[in-house]
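User: Could you take me on a close look at the nonpolar core of this model, and then follow the helix that matters to it outwards into its surroundings? A connected walk-through would be lovely.

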Amino acid sequence: MKKFYVTTPIYYPNDIPHIGHAYTTIAADIVARWHKILGENVRFLTGTDEHGKKIQDTAEKNGKKPKEFVDELVPKFKEAWKKLDIEYSRFIRTTDKDHEKKVQEILQKVYDNGDIYLGKYEGYYCTGCEAYYTEKDLVDGCCPIHKKKIEVLKEPSYFFKLSKYQKKLLDFYKKNPEFISPNFRQKEIINRIEEGLSDLSISRTSFNWGIPLPFDKKHVCYVWFDALINYISGADGFWPADVHLIGKDILWFHVVYWPAMLMSAGIELPKKVFAHGWWTFNNEKISKSRGKVINVDELISIAGVDAVRYFLFRGTPFGEDGDFSEQALIDRYNNELADKLGNLISRVAALAEKYELEQTENKLSKKLKLKEIEKHFEKYEIDKALNEIFAFIDVCNEYVQNKKPWETHDKKILYEVADSIKAIAILLYPFIPSTSTKIAKQFGFEIDYNEIKNPLKNNKIKKAEILFRKIEQ
Ligand code: MSP
């Protein structure tokens, strides 16, 4: 059985999950479910990134110990993923014992290979980003992302010889042009590497919420060095990952630090890192301080789970930025899920119940571009796959409209459309699993990619509840 391994970033549990976290997690679930219906053995890893200064500071502000603080937030992530129908294989926490052990094991390996040395870090650090900056990155002495005065660190630190991997990384990208995806993000990374890589400070002594270095327990491991290793700790025999899905803001960590760490430890590299764009909310940057955050419960309350899963991948090309608005979601829900998909199902089910079906060759399904949908999925063009499926829904609706089976009572026409609905529901399953499962029950087929080609056997289709009740405004 072919294996497939997909991951999401592990999220900082410093607040409840919002649209940004939901986006990558739903994307990973879509990709995972796609490979599941293809019959593959799929592993899907998500979780939380719990160490580091940012979590320690936030916990303190809330008057809690870091572990106590994250223990209260982790269930919020798990609940959110349950509500969004996320079917992960494991929820990993960087405070899990097996992960802590793996981090120490890899640190020791890199150390034994001579790639870690003791020095002193003197420079800038933004705790909000958990990232190091140089003078030229700063904007008026502030972090370019958080626009807050940057912290100057001066402390003993172990360094990872990142500079040693400069050429190796560039060679690797050349040999693996698909590694950094989408491709247009590659140039910027290469340019930055060509400017020169400095060694990376990978330990801190000024606080203690982290994994102690195995060779010097006074130091705790830099949170990113710790976090990236989750992909290995949670792999359960599936390493190397087929794809790490991430946001564009954390591409550097995933395509520079991570491969270099793996090269040093002598571990195989992941096959692909795919960076998606960022969501704005009513055209404004999502920002906690200005209250422009939309959390998972709010998202779901607008038009239900499937509407969210559908909307986020419908209009916005996966890989590019998108704007979220409640109105845009409601419009797509009403015009596409209710009017196009919902109507097709209810209309055909009602006619099939009344006049029954007669099995025949499904010529209508020749208009379904299956090969193209497969190709889109292979390239993570999730939005394009969805677009193709909806183009076929339009074709089916037109077919019904033109053939008027309510007048002709033509059982063969009804069969063709019912059999096409089978294909539609199977293909939509990764996006809207609960709706697809309902359709599969109603029309009597299994959610399995091979079933698209097998003729629908059921002749006892019944009307059922309305799938998408229109939202009146
Ligand atoms: N803990 C690190 C990841 C470590 S992975 C080894 C981290 N966590 S995070 O909680 O800050 O962010 C996680 C993800 O959420 C990132 O991929 C980021 O791109 C994504 N998003 C946060 N806000 C977002 C939007 N407004 N839009 C889309 N995604 C965004 O970084």
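Analyst: The largest nonpolar core in this predicted model has 99 residues, and Phe 313 and Phe 324 are the ones with the most contacts inside it. Helix α12 supplies the largest share of this core, 13 residues.

Let's look at Phe 324 first. Setting aside neighbours within four places in sequence, Phe 324 is in contact with Ile 19, Trp 279, Thr 280, Phe 281, Asn 282, Ile 294, Leu 299, Ile 302, Phe 311, Leu 312 and Leu 329. Apart from this core lies another one, of 80 residues, and Phe 215, Ala 241, Ile 250 and Val 256 are among them.

Now to α12 itself. This helix has 30 residues and reaches 40 Å from its first C-alpha to its last, which is close to the 44 Å expected at 1.5 Å a residue. Along the way there is a kink of about 40 degrees, centred on Gly 342. Just after α12 comes Glu 356, which takes a positive phi of about 65 degrees.

Glu 356 is a good place to pause, since its side chain also meets that of Lys 460 in a salt bridge, at 3.9 Å from N to O. Lys 460 lies in the segment after α17 (433-443), while Glu 356 sits in the loop between α12 (326-355) and α13 (370-378), so this pair ties together parts that are 104 residues apart in sequence. How accessible are the two partners? Lys 460 is exposed, with a relative accessible area of 56%, and Glu 356 counts as partly exposed at 33%.

The segment after α17 also holds Ile 452. This residue counts as buried, at 10% relative accessibility. Not counting residues up to four places away in sequence, Ile 452 touches Leu 370, Lys 422, Ala 423, Ile 426 and Leu 427. For a sense of distance across the model, Ile 452 and Pro 212 are 53 Å apart in space, C-alpha to C-alpha, and 240 residues apart in sequence.

Helix α16 (residues 411-428) is where you will find Asp 419. Asp 419 is buried, with a relative accessible area of 8%. Its side chain makes a polar contact of 2.9 Å with the side chain of Asn 362. Beyond its neighbours within four places in sequence, Asp 419 is in contact with Asn 362, Asn 454, Pro 455 and Leu 456.

Back to charged pairs, then. Side chains of opposite charge can pair when their charged atoms come close. A search of the whole structure finds 35 salt bridges. One of them brings together the side chains of Arg 309 and Asp 29, at 2.7 Å from N to O. Arg 309 belongs to helix α11 (residues 305-314) and Asp 29 to helix α1 (residues 19-37), so the pair ties together parts that are 280 residues apart in sequence. Arg 309 is buried, with a relative accessible area of 0%, and Asp 29 is likewise buried, at 0%.

A local pair makes a nice companion to that one: the side chains of Lys 53 and Asp 57 meet in a salt bridge of 3.3 Å, N to O. These two residues are four residues apart in helix α2 (residues 53-61), so about one helical turn separates them. Lys 53 counts as buried at 17% relative accessibility, whereas Asp 57 counts as partly exposed at 24%.

One last stop takes us to Asp 242, in the loop between α8 (230-233) and β12 (243-247). Asp 242 is buried, with a relative accessible area of 15%. A polar contact of 3.1 Å joins its side chain to that of Lys 271. Leaving aside neighbours within four places in sequence, the residues in contact with Asp 242 are Lys 3, Phe 4, Tyr 5, Lys 271 and Lys 272.

To retrace the route: it began in the core of 99 residues, to which α12 gives its largest share. From there it passed the kink centred on Gly 342 and came to Glu 356, just after the helix, where the salt bridge with Lys 460 led on to the segment after α17.

Terms used. Residues are numbered from 1 along each chain as its sequence is written. This is a predicted model: local features need pLDDT of at least 70, side-chain atom pairs count only at pLDDT 80 or more; totals for chains, interfaces and linings use all residues. Side-chain values use heavy atoms; hydrogens and water are left out. A salt bridge is a side-chain nitrogen of Lys or Arg within 4 Å of a carboxyl oxygen of Asp or Glu. Buried means under 20% relative accessible area, exposed over 50%, partly exposed in between (1.4 Å probe, protein chains only). A polar contact is a pair of N or O atoms within 3.5 Å; within protein, one must be able to donate a hydrogen and the other to accept it, and residues adjacent in sequence count only if both atoms are side-chain atoms. Contact means heavy atoms within 4.5 Å. The expected span of a helix is 1.5 Å times one less than its number of residues. The bend at a residue is the angle between axes fitted to the seven residues ending there and the seven starting there. A nonpolar core is a set of buried Ala, Val, Leu, Ile, Met, Phe, Trp, Tyr and Cys residues joined through side-chain atoms within 4.5 Å.
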